Amino acid sequence: MTESQPASGRASPQSLDTSRSTLQPDRQLKQVCIECGHAVSSLFTEYGVGHIRLTQCTFCKSFADKYVEHDVVIQFIDMLLHKPQVYRHLLINKLEFRQQFVERNVSKLGILLVLFNVYIDWFRLEEGGRLRGQRELLFGKQHSFGTQYLFILLVSAVDAVALLAGNLLASIVLQRNIRLVKRWAMVSTALIVSSFGKVLVILLVIWDYHEIYYPWLLDFLQFTSQTTAISVLLDTSVLWAGLVVIFSVAFKQLVHYAVIYTSSLLF
């Protein structure tokens, strides 16, 4: 009989009732109850191969992490519903997501999201040019397909880095701790996982949508899901998390327009 291991040592019975999970750079996070957020010593007890018993939280008496037994489809549906419990499972209780660097599969998802964002930016440039009566995609000038794609890919990658930088900066101000920058991988994971709405851009390809507001709806879905994820990661209210995300989006847009303006002078 074995128990799932906590992230850092054993917690006393008193600490199980009173400790809350926050994004502290000077200590590793404990595994927590996804319902109330209080620390637990383990998520389940294993009785042989394939037989486990979920741990009951001593504070709220609920199962500490029901998603241990749920598949990815259920988790994805709950992410669409913006349930904080599923983000506690992914961002706090999933030990491989709490390393010094971004987990490999999460990195692949991040690259995929950047590529999806290339299509969204391309769609917006085409629609914007059509509304202005321009036939050329970039700055009203003729460029090859490869040049256009590489430029939009570069802008999308810069946007992703700027979003992370803005989120880290706002989080440091909110938590009043400069050492939060060491947790960049956890923040990156939270932003990538909560950006699942970008995957729905495939609908624009399948049904050939031309309405310009569809990408904006995907952006709004990304904003609300990132707010939920940051709220869980920082253990703060949705209001403060929303302000963090708003600042990071504003910072990203500032960098985006700076890159576009500079490129317009060079092209």
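Begin with the second largest pocket of this predicted model, which has a volume of about 320 Å³. To find its centre, select Val72, Met79, Leu90, Leu109 and Val193, which are the closest to that centre of the 13 residues that line the pocket. Two elements give two or more residues to the lining, namely α2 (72–80) and α4 (104–132), and if you colour α2 you will have marked the largest share of the lining, four residues. Colouring the lining by class then shows nine nonpolar, two polar and two charged residues.

From the pocket, follow the chain into the loop between α2 and α3, where His82 lies. Select His82 and look at its backbone, since this residue has a positive phi of about 60° although it is not a glycine.

Next, select helix α3 (residues 84–93) together with helix α6 (residues 184–193). These two helices pack at an angle of about 145°, with their axes 10 Å apart, and α3 passes α6 in a right-handed crossing. Show the side chains of Tyr87, Leu90 and Leu91 in α3, and you will find that they meet Met186, Thr189, Ala190 and Val193 in α6. The residues of this contact divide into six nonpolar, one polar and no charged. Leu90 and Val193 will be familiar from the pocket, where both are among the residues closest to the centre.

Keep α3 displayed and add helix α8 (residues 213–234), whose axis comes within 9 Å of the axis of α3 and crosses that axis at roughly 60°. That angle makes α3 oblique to α8, and α3 passes α8 in a right-handed crossing. On the α3 side, select Pro84, Tyr87, Arg88, Leu91 and Ile92, and on the α8 side select Ser225, Thr228, Ala229, Val232 and Leu233, which together make the contact. By class, the residues of the contact of α3 with α8 divide into seven nonpolar, two polar and one charged. Tyr87 and Leu91 of α3 take part here, and Tyr87 and Leu91 also meet residues of α6.

Now hide α3 and look at α6 and α8 as a pair. How do these two helices pack, and at what angle? The angle between α6 and α8 is about 150°, and their axes are 9 Å apart, which makes α6 roughly antiparallel to α8. The crossing of α6 and α8 is right-handed. Select Met186, Val187, Ala190 and Leu191 in α6, which meet Gln226, Ala229, Ile230 and Leu233 in α8. The contact of α6 with α8 has seven nonpolar, one polar and no charged residues. Met186 and Ala190 of α6, which appear in this contact, also meet residues of α3, while Ala229 and Leu233 of α8 belong to the contact with α3 as well.

For the last stop, move to the loop between α5 (145–175) and α6, and select Arg176, which lies there. Phi of Arg176 is near 55°, a positive value in a residue other than glycine, so that you can set this backbone beside that of His82, whose positive phi is about 60°.

Note on methods:
Residues are numbered from 1 along each chain as its sequence is written. This is a predicted model: local features need pLDDT of at least 70, side-chain atom pairs count only at pLDDT 80 or more; totals for chains, interfaces and linings use all residues. Side-chain values use heavy atoms; hydrogens and water are left out. Axes are lines fitted to C-alpha atoms, for helices over the stretch in contact, and angles run from 0 to 180 degrees between N-to-C directions. Angles under 35 degrees count as roughly parallel, over 145 as roughly antiparallel, 65 to 115 as roughly perpendicular and the rest as oblique. A crossing is left-handed if the near helix is turned anticlockwise from the far one by less than a right angle, and right-handed if clockwise. Contact means heavy atoms within 4.5 Å. Ala, Val, Leu, Ile, Met, Phe, Trp, Tyr, Cys and Pro count as nonpolar, Asp, Glu, Lys and Arg as charged, and the others, Gly among them, as polar. On a 1 Å grid over the protein atoms alone, a cavity is a set of points where a 1.4 Å probe fits but cannot get out, and a pocket is an open set with protein on both sides within 12 Å along at least five of seven lines; lining residues have an atom within 4 Å of a point. Grid points are joined across faces, edges and corners, and a volume is the space filled by probe spheres set on the points.
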